[in-house]
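Hi,

Here is the structure I promised to pass on. Have a look through it first, and then read my notes below.

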Amino acid sequence: MGAPLLASPFRPFFLATAIYAAATIFAWIGHLFTGWPIPLGENPVRWHAHEMLFGFLPAAITGFLLTAMTNWTGALPLRDRGLLALVMLWLAGRVAMWCAGWWPAWSVAAIDIAYLPVLALYAGGVLLRYGNRRNLFLVGVLGLFALANVLFHLQSLDVVESTVLGERMAMNLITLLMVVIAGRITPAFTGNWLSMHGLDPTVVQTVPALDRAAIAATALMIPIDFAVGPVLTGSLMALLACALNGARLVLWGGWHIRHEPLLWILHLGYAWIVLALLLKGLQPFTAGIPPTAWLHAIGAGAAGTLIMGVMTRVSLGHTGRCLALPRFGVTMYVAVLAAGTLRVAAAIGAIDYRAGLTASAVAWIAAFALFAAVYWPILSRPRADGRPG
(Lines give C-alpha, C1' and ligand atoms only; values in the text may rest on other atoms or scores of the structure.)
Protein backbone atom coordinates (compact mmCIF):
# COMPACT_ATOMS: atom_id res chain seq x y z
CA MET A 1 0.00 0.00 0.00
CA GLY A 2 1.35 3.43 -0.95
CA ALA A 3 1.38 6.63 1.05
CA PRO A 4 -2.11 7.86 2.06
CA LEU A 5 -1.36 11.25 0.48
CA LEU A 6 -1.15 9.53 -2.92
CA ALA A 7 -4.22 7.33 -2.45
CA SER A 8 -6.59 9.62 -4.39
CA PRO A 9 -6.20 12.79 -6.49
CA PHE A 10 -8.04 15.11 -4.10
CA ARG A 11 -5.48 14.52 -1.35
CA PRO A 12 -2.30 16.03 -2.87
CA PHE A 13 -4.08 18.44 -5.19
CA PHE A 14 -6.29 20.01 -2.53
CA LEU A 15 -3.27 20.53 -0.30
CA ALA A 16 -1.33 21.92 -3.27
CA THR A 17 -4.24 24.24 -4.08
CA ALA A 18 -4.33 25.67 -0.56
CA ILE A 19 -0.58 26.00 -0.10
CA TYR A 20 -0.10 27.54 -3.52
CA ALA A 21 -3.03 29.94 -3.08
CA ALA A 22 -1.50 31.32 0.12
CA ALA A 23 2.14 31.30 -1.01
CA THR A 24 1.50 32.93 -4.39
CA ILE A 25 -0.52 35.83 -3.03
CA PHE A 26 2.00 36.35 -0.22
CA ALA A 27 4.89 36.51 -2.68
CA TRP A 28 2.99 38.63 -5.19
CA ILE A 29 1.98 41.26 -2.63
CA GLY A 30 5.57 41.34 -1.35
CA HIS A 31 6.94 41.77 -4.87
CA LEU A 32 4.32 44.36 -5.84
CA PHE A 33 4.54 46.58 -2.79
CA THR A 34 8.04 46.03 -1.40
CA GLY A 35 10.00 44.90 -4.44
CA TRP A 36 10.94 41.42 -3.27
CA PRO A 37 13.43 40.12 -5.87
CA ILE A 38 11.35 37.32 -7.39
CA PRO A 39 12.45 36.49 -10.98
CA LEU A 40 8.98 36.68 -12.49
CA GLY A 41 10.23 37.59 -15.94
CA GLU A 42 7.32 39.91 -16.81
CA ASN A 43 4.79 42.36 -15.45
CA PRO A 44 3.89 41.20 -11.92
CA VAL A 45 0.18 41.79 -12.52
CA ARG A 46 0.19 39.50 -15.57
CA TRP A 47 2.25 36.92 -13.66
CA HIS A 48 -0.31 37.05 -10.84
CA ALA A 49 -3.19 36.61 -13.28
CA HIS A 50 -1.47 33.65 -14.92
CA GLU A 51 -0.69 31.84 -11.71
CA MET A 52 -4.20 32.27 -10.37
CA LEU A 53 -5.76 31.12 -13.64
CA PHE A 54 -3.32 28.43 -14.74
CA GLY A 55 -1.63 27.41 -11.49
CA PHE A 56 -4.08 27.66 -8.59
CA LEU A 57 -7.29 26.84 -10.48
CA PRO A 58 -6.02 23.75 -12.37
CA ALA A 59 -4.84 22.18 -9.11
CA ALA A 60 -8.32 22.57 -7.62
CA ILE A 61 -10.00 21.37 -10.82
CA THR A 62 -7.77 18.30 -10.93
CA GLY A 63 -8.49 17.34 -7.34
CA PHE A 64 -12.23 17.56 -7.87
CA LEU A 65 -12.52 16.18 -11.41
CA LEU A 66 -10.31 13.11 -11.06
CA THR A 67 -11.98 12.23 -7.76
CA ALA A 68 -15.50 12.74 -9.12
CA MET A 69 -14.67 10.57 -12.16
CA THR A 70 -14.30 7.53 -9.90
CA ASN A 71 -17.93 8.01 -8.83
CA TRP A 72 -19.14 8.68 -12.37
CA THR A 73 -17.40 5.68 -13.93
CA GLY A 74 -16.48 3.18 -11.20
CA ALA A 75 -12.85 3.41 -12.35
CA LEU A 76 -10.07 3.11 -9.82
CA PRO A 77 -8.60 6.50 -8.90
CA LEU A 78 -5.27 7.64 -10.22
CA ARG A 79 -2.86 6.91 -7.38
CA ASP A 80 0.70 6.24 -6.25
CA ARG A 81 3.30 6.72 -9.02
CA GLY A 82 0.84 7.89 -11.65
CA LEU A 83 -0.62 10.48 -9.32
CA LEU A 84 2.84 11.56 -8.18
CA ALA A 85 3.86 12.06 -11.81
CA LEU A 86 0.85 14.30 -12.43
CA VAL A 87 1.57 16.33 -9.29
CA MET A 88 5.19 16.76 -10.37
CA LEU A 89 4.12 17.90 -13.84
CA TRP A 90 1.89 20.57 -12.28
CA LEU A 91 4.71 21.56 -9.92
CA ALA A 92 7.18 21.82 -12.82
CA GLY A 93 4.98 24.46 -14.41
CA ARG A 94 4.91 26.42 -11.18
CA VAL A 95 8.68 26.29 -10.78
CA ALA A 96 9.09 27.44 -14.39
CA MET A 97 6.80 30.42 -13.84
CA TRP A 98 8.57 31.42 -10.62
CA CYS A 99 11.94 31.26 -12.40
CA ALA A 100 10.72 32.85 -15.63
CA GLY A 101 13.21 35.70 -15.29
CA TRP A 102 16.13 33.27 -15.35
CA TRP A 103 15.03 30.82 -18.04
CA PRO A 104 14.36 31.29 -21.78
CA ALA A 105 10.76 32.33 -22.32
CA TRP A 106 10.09 29.48 -24.76
CA SER A 107 11.21 26.85 -22.22
CA VAL A 108 9.01 28.39 -19.50
CA ALA A 109 6.07 28.30 -21.89
CA ALA A 110 6.73 24.68 -22.95
CA ILE A 111 6.95 23.41 -19.36
CA ASP A 112 3.90 25.32 -18.15
CA ILE A 113 1.72 24.50 -21.16
CA ALA A 114 2.25 20.72 -20.81
CA TYR A 115 0.04 20.13 -17.77
CA LEU A 116 -3.48 20.90 -18.99
CA PRO A 117 -3.32 18.82 -22.21
CA VAL A 118 -2.04 15.83 -20.22
CA LEU A 119 -4.88 16.23 -17.71
CA ALA A 120 -7.47 16.54 -20.48
CA LEU A 121 -6.15 13.45 -22.32
CA TYR A 122 -6.11 11.36 -19.15
CA ALA A 123 -9.62 12.43 -18.09
CA GLY A 124 -10.98 11.93 -21.60
CA GLY A 125 -9.43 8.47 -21.84
CA VAL A 126 -11.03 7.33 -18.59
CA LEU A 127 -14.45 8.72 -19.49
CA LEU A 128 -14.38 7.11 -22.94
CA ARG A 129 -13.15 3.78 -21.59
CA TYR A 130 -16.08 3.61 -19.20
CA GLY A 131 -18.66 5.01 -21.61
CA ASN A 132 -19.33 8.18 -19.62
CA ARG A 133 -19.97 10.50 -22.54
CA ARG A 134 -22.12 12.92 -20.56
CA ASN A 135 -19.06 14.39 -18.88
CA LEU A 136 -16.85 14.60 -21.97
CA PHE A 137 -18.07 18.19 -22.14
CA LEU A 138 -15.75 18.92 -19.20
CA VAL A 139 -12.79 17.53 -21.15
CA GLY A 140 -13.63 19.96 -23.95
CA VAL A 141 -13.58 22.81 -21.43
CA LEU A 142 -10.16 21.63 -20.24
CA GLY A 143 -8.94 21.59 -23.84
CA LEU A 144 -10.09 25.16 -24.37
CA PHE A 145 -8.51 26.12 -21.05
CA ALA A 146 -5.22 24.69 -22.33
CA LEU A 147 -5.64 26.80 -25.48
CA ALA A 148 -6.17 29.89 -23.32
CA ASN A 149 -2.86 29.16 -21.58
CA VAL A 150 -1.14 28.84 -24.96
CA LEU A 151 -2.57 32.23 -25.97
CA PHE A 152 -1.35 33.74 -22.71
CA HIS A 153 2.20 32.58 -23.42
CA LEU A 154 2.03 33.64 -27.08
CA GLN A 155 1.12 37.11 -25.87
CA SER A 156 4.09 37.07 -23.49
CA LEU A 157 6.32 36.03 -26.41
CA ASP A 158 4.88 38.86 -28.56
CA VAL A 159 3.53 36.37 -31.08
CA VAL A 160 -0.04 37.55 -30.49
CA GLU A 161 -0.69 41.27 -30.21
CA SER A 162 -3.67 41.29 -27.84
CA THR A 163 -2.72 41.20 -24.16
CA VAL A 164 -6.07 39.92 -22.87
CA LEU A 165 -7.25 37.09 -25.16
CA GLY A 166 -5.91 34.25 -23.01
CA GLU A 167 -7.03 35.83 -19.74
CA ARG A 168 -10.50 36.71 -21.06
CA MET A 169 -11.03 33.23 -22.46
CA ALA A 170 -9.87 31.56 -19.25
CA MET A 171 -12.15 33.68 -17.06
CA ASN A 172 -15.18 32.82 -19.18
CA LEU A 173 -14.27 29.12 -19.16
CA ILE A 174 -13.90 29.10 -15.38
CA THR A 175 -17.28 30.81 -15.09
CA LEU A 176 -18.83 28.14 -17.31
CA LEU A 177 -17.16 25.33 -15.36
CA MET A 178 -18.50 26.68 -12.06
CA VAL A 179 -22.00 27.12 -13.49
CA VAL A 180 -21.98 23.47 -14.60
CA ILE A 181 -20.35 21.84 -11.57
CA ALA A 182 -21.81 24.02 -8.80
CA GLY A 183 -25.12 23.87 -10.63
CA ARG A 184 -25.08 20.10 -10.20
CA ILE A 185 -23.78 19.66 -6.69
CA THR A 186 -25.38 22.60 -4.85
CA PRO A 187 -29.05 21.65 -5.30
CA ALA A 188 -28.24 17.92 -4.97
CA PHE A 189 -26.35 18.34 -1.69
CA THR A 190 -29.03 20.71 -0.38
CA GLY A 191 -31.87 18.32 -1.13
CA ASN A 192 -30.00 15.37 0.38
CA TRP A 193 -29.30 17.32 3.59
CA LEU A 194 -32.95 18.29 3.96
CA SER A 195 -34.03 14.65 3.48
CA MET A 196 -31.51 13.40 6.04
CA HIS A 197 -32.83 15.90 8.60
CA GLY A 198 -36.47 15.04 8.05
CA LEU A 199 -37.23 18.19 6.12
CA ASP A 200 -38.94 18.64 2.77
CA PRO A 201 -36.41 18.28 -0.07
CA THR A 202 -38.94 19.49 -2.65
CA VAL A 203 -38.28 23.09 -1.58
CA VAL A 204 -35.12 22.69 -3.68
CA GLN A 205 -36.35 23.11 -7.23
CA THR A 206 -34.47 22.48 -10.45
CA VAL A 207 -35.88 23.24 -13.88
CA PRO A 208 -33.97 21.41 -16.64
CA ALA A 209 -34.90 23.98 -19.29
CA LEU A 210 -33.66 26.79 -17.04
CA ASP A 211 -30.44 24.90 -16.33
CA ARG A 212 -29.78 24.43 -20.03
CA ALA A 213 -30.53 28.07 -20.78
CA ALA A 214 -28.23 29.30 -17.98
CA ILE A 215 -25.38 27.09 -19.18
CA ALA A 216 -25.93 28.12 -22.82
CA ALA A 217 -25.96 31.84 -22.02
CA THR A 218 -22.78 31.48 -19.95
CA ALA A 219 -21.09 29.46 -22.68
CA LEU A 220 -21.98 32.01 -25.37
CA MET A 221 -19.91 34.63 -23.59
CA ILE A 222 -16.80 32.69 -24.67
CA PRO A 223 -17.09 33.15 -28.47
CA ILE A 224 -18.54 36.65 -28.09
CA ASP A 225 -15.64 37.86 -25.96
CA PHE A 226 -13.04 35.93 -27.94
CA ALA A 227 -14.19 37.51 -31.18
CA VAL A 228 -13.90 40.91 -29.49
CA GLY A 229 -17.32 41.76 -30.81
CA PRO A 230 -19.37 44.82 -29.84
CA VAL A 231 -19.13 45.53 -26.13
CA LEU A 232 -22.90 45.88 -25.93
CA THR A 233 -23.43 42.32 -27.24
CA GLY A 234 -21.18 40.81 -24.60
CA SER A 235 -22.79 42.91 -21.87
CA LEU A 236 -26.31 41.89 -22.82
CA MET A 237 -25.28 38.23 -22.85
CA ALA A 238 -23.71 38.62 -19.41
CA LEU A 239 -26.92 40.21 -18.10
CA LEU A 240 -28.96 37.36 -19.56
CA ALA A 241 -26.63 34.81 -17.95
CA CYS A 242 -26.89 36.76 -14.68
CA ALA A 243 -30.70 36.62 -14.71
CA LEU A 244 -30.84 32.92 -15.58
CA ASN A 245 -28.25 31.87 -13.01
CA GLY A 246 -29.88 34.12 -10.42
CA ALA A 247 -33.20 32.35 -11.03
CA ARG A 248 -31.49 28.97 -10.50
CA LEU A 249 -30.01 30.15 -7.22
CA VAL A 250 -33.36 31.39 -5.89
CA LEU A 251 -35.09 28.12 -6.81
CA TRP A 252 -32.50 26.16 -4.82
CA GLY A 253 -33.81 27.75 -1.61
CA GLY A 254 -30.51 28.31 0.13
CA TRP A 255 -32.19 29.92 3.15
CA HIS A 256 -33.47 26.47 4.16
CA ILE A 257 -29.92 25.32 4.96
CA ARG A 258 -28.66 28.52 6.60
CA HIS A 259 -27.59 26.55 9.69
CA GLU A 260 -25.29 24.19 7.73
CA PRO A 261 -21.97 25.88 6.79
CA LEU A 262 -20.91 23.11 4.40
CA LEU A 263 -23.93 24.02 2.28
CA TRP A 264 -24.46 27.76 2.68
CA ILE A 265 -20.89 28.32 1.49
CA LEU A 266 -21.83 26.72 -1.85
CA HIS A 267 -24.90 28.93 -2.21
CA LEU A 268 -22.85 32.04 -1.42
CA GLY A 269 -20.23 30.94 -3.93
CA TYR A 270 -22.89 30.70 -6.61
CA ALA A 271 -24.23 34.12 -5.57
CA TRP A 272 -20.77 35.48 -6.38
CA ILE A 273 -21.18 34.18 -9.94
CA VAL A 274 -24.46 36.06 -10.29
CA LEU A 275 -22.86 39.25 -8.92
CA ALA A 276 -19.86 38.90 -11.21
CA LEU A 277 -22.08 38.53 -14.28
CA LEU A 278 -24.06 41.58 -13.18
CA LEU A 279 -20.86 43.63 -12.87
CA LYS A 280 -19.74 42.47 -16.31
CA GLY A 281 -23.09 43.29 -17.86
CA LEU A 282 -23.34 46.75 -16.31
CA GLN A 283 -19.77 47.75 -17.11
CA PRO A 284 -20.49 49.67 -20.38
CA PHE A 285 -23.39 51.52 -18.75
CA THR A 286 -21.74 52.50 -15.46
CA ALA A 287 -18.51 54.48 -15.40
CA GLY A 288 -17.72 53.36 -11.85
CA ILE A 289 -17.39 49.69 -12.77
CA PRO A 290 -13.96 48.87 -14.25
CA PRO A 291 -13.27 45.61 -16.17
CA THR A 292 -11.31 44.26 -13.20
CA ALA A 293 -14.44 44.28 -11.00
CA TRP A 294 -16.08 41.29 -12.63
CA LEU A 295 -12.76 39.48 -13.00
CA HIS A 296 -12.12 39.63 -9.26
CA ALA A 297 -15.74 38.85 -8.41
CA ILE A 298 -15.38 35.63 -10.43
CA GLY A 299 -11.82 34.86 -9.29
CA ALA A 300 -11.40 35.95 -5.68
CA GLY A 301 -15.16 35.80 -5.05
CA ALA A 302 -16.81 32.89 -6.83
CA ALA A 303 -13.82 30.63 -7.51
CA GLY A 304 -12.22 31.22 -4.12
CA THR A 305 -15.47 30.57 -2.25
CA LEU A 306 -16.60 27.54 -4.26
CA ILE A 307 -13.15 25.94 -4.18
CA MET A 308 -12.99 26.37 -0.42
CA GLY A 309 -16.50 24.98 -0.04
CA VAL A 310 -15.84 21.95 -2.24
CA MET A 311 -12.44 21.16 -0.72
CA THR A 312 -13.69 21.29 2.86
CA ARG A 313 -16.61 18.98 2.05
CA VAL A 314 -14.96 16.49 -0.32
CA SER A 315 -11.96 16.08 1.97
CA LEU A 316 -14.27 14.93 4.76
CA GLY A 317 -16.58 12.69 2.77
CA HIS A 318 -13.88 10.96 0.74
CA THR A 319 -11.75 10.18 3.79
CA GLY A 320 -14.64 8.40 5.53
CA ARG A 321 -15.33 11.17 8.03
CA CYS A 322 -18.57 12.70 9.21
CA LEU A 323 -19.72 15.70 7.17
CA ALA A 324 -19.21 18.14 10.03
CA LEU A 325 -17.03 21.19 9.49
CA PRO A 326 -13.93 20.96 11.73
CA ARG A 327 -12.72 23.63 14.09
CA PHE A 328 -11.83 26.90 12.33
CA GLY A 329 -13.89 25.84 9.32
CA VAL A 330 -16.28 28.79 9.53
CA THR A 331 -13.26 31.05 10.01
CA MET A 332 -11.92 29.83 6.64
CA TYR A 333 -15.28 30.62 5.04
CA VAL A 334 -15.50 34.10 6.54
CA ALA A 335 -11.91 34.84 5.50
CA VAL A 336 -12.37 33.75 1.89
CA LEU A 337 -15.63 35.71 1.62
CA ALA A 338 -13.89 38.75 3.08
CA ALA A 339 -11.03 38.37 0.59
CA GLY A 340 -13.42 38.49 -2.35
CA THR A 341 -15.46 41.36 -0.95
CA LEU A 342 -12.41 43.50 -0.19
CA ARG A 343 -10.86 42.80 -3.59
CA VAL A 344 -13.96 43.85 -5.49
CA ALA A 345 -14.43 46.89 -3.24
CA ALA A 346 -10.86 47.95 -4.03
CA ALA A 347 -11.43 47.39 -7.75
CA ILE A 348 -14.49 49.67 -7.89
CA GLY A 349 -12.88 52.32 -5.70
CA ALA A 350 -15.19 51.83 -2.71
CA ILE A 351 -12.13 51.63 -0.43
CA ASP A 352 -8.51 52.75 -0.71
CA TYR A 353 -6.88 50.56 -3.37
CA ARG A 354 -3.63 49.74 -1.61
CA ALA A 355 -5.27 49.14 1.77
CA GLY A 356 -8.06 47.09 0.20
CA LEU A 357 -5.67 44.97 -1.83
CA THR A 358 -3.51 44.30 1.22
CA ALA A 359 -6.48 43.44 3.44
CA SER A 360 -7.89 41.15 0.75
CA ALA A 361 -4.54 39.40 0.42
CA VAL A 362 -4.27 38.89 4.19
CA ALA A 363 -7.78 37.40 4.34
CA TRP A 364 -7.07 35.13 1.33
CA ILE A 365 -3.78 33.90 2.78
CA ALA A 366 -5.43 33.27 6.16
CA ALA A 367 -8.26 31.26 4.59
CA PHE A 368 -6.09 28.90 2.57
CA ALA A 369 -3.29 28.62 5.13
CA LEU A 370 -5.92 27.59 7.68
CA PHE A 371 -7.25 24.96 5.28
CA ALA A 372 -3.75 23.54 4.79
CA ALA A 373 -3.14 23.43 8.55
CA VAL A 374 -6.51 21.99 9.56
CA TYR A 375 -6.88 19.52 6.71
CA TRP A 376 -3.29 18.30 6.50
CA PRO A 377 -3.91 15.52 9.07
CA ILE A 378 -7.15 14.58 7.29
CA LEU A 379 -5.61 14.42 3.82
CA SER A 380 -2.29 12.81 4.77
CA ARG A 381 -3.67 9.95 6.87
CA PRO A 382 -5.62 6.81 5.89
CA ARG A 383 -9.41 6.94 5.66
CA ALA A 384 -11.15 6.93 9.02
CA ASP A 385 -13.34 3.98 7.99
CA GLY A 386 -10.40 1.83 6.89
CA ARG A 387 -11.45 1.71 3.23
CA PRO A 388 -8.97 2.41 0.42
CA GLY A 389 -8.81 5.87 -1.11
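**The pocket, the cavity and the helices around them**

With eight residues, α2 provides the largest share of the lining of the largest pocket. Please keep in mind as you read that this is a predicted model.

That pocket has a volume of about 660 Å³. Its lining comprises 31 residues, and those nearest the centre are His48, Ala49, Met52, His296 and Arg343. Besides α2, the helices that each supply at least two lining residues are α1, α7, α11, α12 (329-347) and α13 (353-380). Sorted by class, the pocket lining holds 22 nonpolar, six polar and three charged residues.

Now for the enclosed space. The count comes to one cavity of 30 Å³ or more, and the volume of the largest cavity is about 330 Å³. Its lining is made up of 19 residues, with Ile61, Phe64, Leu177, Ile181 and Ile307 lying nearest the centre. Two or more lining residues come from each of α2 (44-73), α6 (136-156), α7 and α11 (291-317). Which helix gives the most to this lining? That is α7, with six residues. The class split for the cavity is 19 nonpolar, no polar and no charged residues.

Since α7 contributes to both linings, I looked at this helix in more detail. It runs over residues 165-196, and at 1.5 Å a residue its 32 residues should span 46 Å; the end C-alpha atoms are 46 Å apart, so the two values agree. There is nevertheless a kink of about 30° in α7, centred on Ala182. Is α7 largely enclosed or largely open? Of its 32 residues, 25 are buried, so the rest of the structure largely encloses this helix. Just after α7 comes Gly198, with a positive phi of about 70°.

For α12, the distance from first C-alpha to last is 28 Å over 19 residues, close to the 27 Å expected at 1.5 Å a residue. This helix, too, has a glycine with positive phi just after it: Gly349, at about 80°.

In α1 (residues 10-34), two residues caught my eye. Thr24 is found in this helix and counts as buried because its relative accessibility is 0%, and its side chain reaches the backbone oxygen of Tyr20 at 2.8 Å. Phe14 also lies in α1; at 1% relative accessibility, Phe14 counts as buried as well. The C-alpha atom of Phe14 is separated by 9.7 Å from that of Val310, although the two residues are 296 apart along the chain.

Finally, a couple of backbone angles to look at. Most residues other than glycine have a negative phi. Asp80 has a positive phi, near 50°. This residue is found in α3 (residues 80-98), and its relative accessibility of 28% makes Asp80 partly exposed. Phe328 also has a positive phi, near 75°. Where is Phe328 found? Its place is in the loop between α11 and α12, and at 40% relative accessibility Phe328 counts as partly exposed.

Happy to go through any of this with you.

Best wishes

How values were computed: Residues numbered from 1 in each chain as written. Heavy atoms only, no water. Helix = DSSP H or I, 4+ residues; strand = E, 2+ residues; numbered from the N terminus. Expected span 1.5 Å × (residues − 1). Bend = angle between axes of the 7 residues up to and from the residue. Buried < 20%, exposed > 50% of the residue type's maximum accessible area, 1.4 Å probe, protein only. 1 Å grid on protein atoms, 1.4 Å probe; cavity = no way out; pocket = protein on both sides within 12 Å on 5 of 7 lines; lining within 4 Å. Points joined across faces, edges and corners; volume = space filled by probe spheres on them. Nonpolar A, V, L, I, M, F, W, Y, C, P; charged D, E, K, R; others polar. Polar contact = N/O pair within 3.5 Å; in protein donor to acceptor, adjacent residues only side chain to side chain.
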